[in-house]
Amino acid sequence: MPLIKNIDYENPKWLFNGHMQTIVPALFRNSIPLSFERERISTSDGDFLDLDWLKKGSDQLVIISHGLEGNSQRPYMLGMAHQFFSKNFDVLNWNFRGCSEEMNKKPIFYHSGATYDLDTVVNHAAKSYLKIFLVGFSLGGNLTLKYLGEKRKRNPKIKKGVAISVPLHLESSCIKISSAENILYSKRFLSTLKEKVIKKSLIFPDKIPVGTLRKIKTLQDFDDNFTGPLHGFKDAHDYYEQNSSLYFIDQIQIPTLILNAQNDPFLSEQCFPIGQARNLDQVWMEFPKYGGHVGFSPRKSSDIYWSEKRAFEFINADH
């Protein structure tokens with residue numbers, strides 16, 4: 001498929017580097033008021049997932065997955081939802097376990113490869129639609145790609161996928177986000193993750209060893225002590241290796257777009273697999289020079305975000 005490294009995205013000139021292009025839209029983007037309908041569904045293991053719906057009676061549905069420590073109401077989620085809802089799609093923004101302002105019921109949380117929950121959401125929604133499209137941001141992008149490439153039975157109504165700002169290779173990206181230049185991001189993520197562990201330990205004191213929290217200094221430490229073991233992996237390395245979408249994209253059988261900015265401060269070199277991209281039949285990769293992480297701000301404030309434009313163009317095109 002076409003590999004496009006330099007495409008037509010132009011960042012606002014005053015957002016002069018990848019950090020600015022990441023931070024400004026994350027902190028200062030206006031939320032779009034949308035009238036979601038909340039639905040809670042049960043999982044097969046006795047937990048729950050909270051889904052936020054926008055419905056106008058379409059026979060096409062876009063399911064949108066958020067990033068690490070995000071939720072269905074983050075501005076980037078609302079922007080993408082508004083883009084498709086305004087184009088006559090129904091939209092479903094869903095919350096990973098523990099991300100909808102209420103702690104989930106099981107000791108486990110969510111993680112980068114928890115495709116069983118995405119599969120639950122897809123199958124729950126599919127009965128009302130002819131076509132389903134998947135969009136994922138960051139961790140949700142990895143989840144989406146892994147799901148599409150896994151050797152599993154998937155609902156045939158899924159027609160296309162889009163993954164934005166994706167850490168295709170989890171371990172090297174985790175190392176990069178924990179580097180000195182990215183310390184503000186990693187500290188913020190660690191803070192909210194630790195808060196969740198403390199809350200969860202009150203419910204499951206025998207399964208959540210909060211005593212180890214004091215030695216957690218990096219996201220890799222957190223995954224080594226909590227994410228990995230809680231979800232059945234030996235350690236952080238085992239968790240990363242089993243769940244990195246880089247190892248699944250060559251098995252994707254439907255048209256799928258990966259959109260990663262070259263100046264994304266979260267992504268390692270392995271997240272731009274140029275050699276692999278040229279040999280894939282169903283996966284398009286676009287690597288614009290600018291955009292930051294889940295950024296892609298428009299040059300004019302009245303315009304839509306470029307990632308939303310590209311996601312709609314790809315899903316709406318004939319492939």
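These questions and answers walk through a predicted model of one protein chain.

Student: Into which domains is the protein chain divided?
Tutor: One domain is made of two stretches, 3-168 and 244-316. The other covers 170-243. The names are domain 1 for the two stretches and domain 2 for 170-243.

Student: How many residues does the contact take from domain 1 and from domain 2?
Tutor: The centres of domain 1 and domain 2, taken over C-alpha atoms, are separated by 22 Å. The contact between them takes residues from each domain. The counts are 35 residues from domain 1 and 29 residues from domain 2.

Student: Is His 169 buried or exposed?
Tutor: His 169 is found in the loop between strand 7 and helix 5. Its relative accessible area is 11%. Buried means under 20%, so the cut-off settles the matter. His 169 is therefore buried.

Student: Which side chain does the side chain of His 169 join in a polar contact?
Tutor: Leaving aside neighbours within four places in sequence, His 169 is in contact with several residues, including Glu 241, Ser 268 and Tyr 247. A polar contact of 3.3 Å joins two side chains here. The partner of His 169 is Tyr 247.

Student: Where is Asp 52 found, and is it buried or exposed?
Tutor: Asp 52 is found in strand 3, residues 48-54. Its relative accessible area is 3%. The cut-off for buried is under 20%. So Asp 52, in strand 3, is buried.

Student: Which side chain makes a polar contact with the side chain of Asp 52?
Tutor: Not counting residues up to four places away in sequence, Asp 52 touches Phe 36, Glu 37 and Arg 38, among others. A polar contact of 2.4 Å links the side chain of Asp 52 to one of these. That residue is Arg 38.

Student: How many residues of helix 10 are buried?
Tutor: Helix 10 runs over residues 306-316 and is mostly covered. Among its buried residues are Trp 306, Phe 312 and Ile 315. The buried residues pack against helix 2, strand 6, strand 7, strand 8 and strand 9. The count is eight of 11.

Student: Which residues make the nonpolar surface patch of about 330 Å²?
Tutor: Start with Leu 27, found in helix 1, residues 18-28. Leu 27 has a relative accessible area of 57%, so Leu 27 is exposed. Two other residues make the patch with Leu 27. The full set is Ile 23, Leu 27 and Phe 28.

Key
Residues numbered from 1 in each chain as written. Predicted model: local features only at pLDDT ≥ 70, side-chain atom pairs only at ≥ 80, totals over all residues. Heavy atoms only, no water. Patch = residues over 30% accessible without salt bridge, like charges linked within 9 Å, V, L, I, M, F, W, Y side chains within 5 Å. Areas by Shrake-Rupley, 256 points an atom, 1.4 Å probe, with all protein chains shown as cover. Salt bridge = Lys/Arg side-chain N within 4 Å of Asp/Glu carboxyl O. Helix = DSSP H or I, 4+ residues; strand = E, 2+ residues; numbered from the N terminus. Buried < 20%, exposed > 50% of the residue type's maximum accessible area, 1.4 Å probe, protein only. Polar contact = N/O pair within 3.5 Å; in protein donor to acceptor, adjacent residues only side chain to side chain. Contact = heavy atoms within 4.5 Å. Domains from an automatic or database assignment.
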